[in-house]
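This report introduces a single structure to a reader who has not met it before. Please look at the sequence and the model first; the text then takes up the ligand, a helix and some backbone angles.

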Amino acid sequence: MKLKSVELIGFKSFAKKTRINFPTGITEIVGPNGSGKSNIIEAIRWALGEQSAKNLRSSRMTDVIFSGSQSYPALNRAKVALDFDNSDHFIDTNYTDLQIARTVYRDGTNNYYLNGKPCRLRDIQDLFMNTGIGNGSFSIISQGKVAQIFKSKPVDRRFIIETVAGIYKYRSQKEIAANK
Ligand code: ATP
Ligand code: MG
């Protein structure tokens, strides 16, 4: 499974429709301060179902909508679409090309889409559950998170390592079984 591209329309600083392709290998995004690098990562996090404005450096969820600049008026909607190559079926669905998308309007309405069809947030969460990619996983590490990991207590750091390694779910299953 591989993230092929991200398309942003009206998300944070991306007023105009912008498509960012990730070719095979490692992609590095460089640019001056404030040019929108972190916004791209936040767009991915948001499309995967992020529900915390704080994790998006915002106070309200609707703050992700482009708020206007000298050259462009504010918009009423933000949309982000993620295209995945799922030909290895790492994500448990029949789709080999998988697109998930999210929109939000100024009134706070959120819509989610799976390959163009409206779906629930729950459907997106279920798809990415236990893949190590979804919301709350450590596949996206923000600048603040790095410091947090370094400063965390050994037991908390162990939790992070076990989660990343995919061991944690077995530990919790073991605990559930032991308590039965
Ligand atoms: P750095 O190198 O400092 O980390 P960066 O490239 O990661 O910078 P971002 O933090 O992604 O930059 O982008 C910040 C820019 O996005 C700021 O100029 C900010 O005004 C703009 N921005 C954030 N939210 C919105 C919004 N809703 N509407 C318009 N612009 C926005
Ligand atoms: Mg940044």
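A residue is taken to be near a molecule if its C-beta atom, placed from the backbone, lies within 6 Å of that molecule. The model discussed here is predicted.

**Surroundings of the ligand**

Ligand 1 has 15 residues around it, and those that come nearest are Ser13, Asn33, Lys37, Ser38 and Asn39. By character, the shell around ligand 1 consists of 9 polar, 3 nonpolar and 3 charged residues.

The UniProt record, an unreviewed entry, lists a "binding site" made up of Pro32, Asn33, Gly34, Ser35, Gly36, Lys37, Ser38 and Asn39. Two glycines of that list may be considered in turn. Gly34 is located in the loop between strand 2 and helix 1. Gly34 has 9 other C-beta atoms within 10 Å and is therefore exposed, since the limit for this class is 12 or fewer. Gly36 likewise belongs to the loop between strand 2 and helix 1. Gly36 counts as partly exposed because it has 18 C-beta neighbours inside 10 Å. When neighbours within four places in sequence are left aside, Gly36 is in contact with Lys12, Ser13 and Phe14.

**Helix 1**

Helix 1 spans residues 37–47. Its buried residues are Ile40, Glu42, Ala43, Arg45, Trp46 and Ala47. In an α-helix there are 3.6 residues a turn, so residues three or four places apart point the same way. The cover over the buried residues of helix 1 includes strand 1 (2–9), strand 2 (18–21), strand 3 and strand 4 (97–105). Helix 1 is followed by Gly49, which has a positive phi near 110 degrees.

**Positive phi outside glycine**

Which residue in the loop between helix 1 and strand 3 (77–85) is considered here? The residue is Arg57, whose phi is positive although Arg57 is not a glycine. Asn115, also not a glycine, has a positive phi and lies in the loop between strand 5 (110–114) and strand 6 (117–119). The table sets out the values for both residues.

| Residue | Phi | Other C-beta atoms within 10 Å | Exposure |
|---|---|---|---|
| Arg57 | near 55 degrees | 14 C-beta atoms | partly exposed |
| Asn115 | about 45 degrees | 13 C-beta atoms | partly exposed |

Arg57 is classed as partly exposed because 14 other C-beta atoms lie within 10 Å, and Asn115 is classed as partly exposed because it has 13 such neighbours inside 10 Å.

Key:
Residues are numbered from 1 along each chain as its sequence is written. Chains are lettered from A and ligands numbered from 1 in the order in which they are written. This is a predicted model: local features need pLDDT of at least 70, side-chain atom pairs count only at pLDDT 80 or more; totals for chains, interfaces and linings use all residues. Helices (H or I, at least four residues) and strands (E, at least two) are DSSP runs, numbered from the N terminus. A residue is buried if 20 or more other C-beta atoms lie within 10 Å of its own, exposed if 12 or fewer, and partly exposed in between; C-beta atoms are placed from the backbone. Ala, Val, Leu, Ile, Met, Phe, Trp, Tyr, Cys and Pro count as nonpolar, Asp, Glu, Lys and Arg as charged, and the others, Gly among them, as polar. Two residues are in contact if their C-beta atoms, placed from the backbone, lie within 7 Å. UniProt positions are given in the numbering used here, feature names are shortened, and annotations may be inferred rather than shown by experiment.
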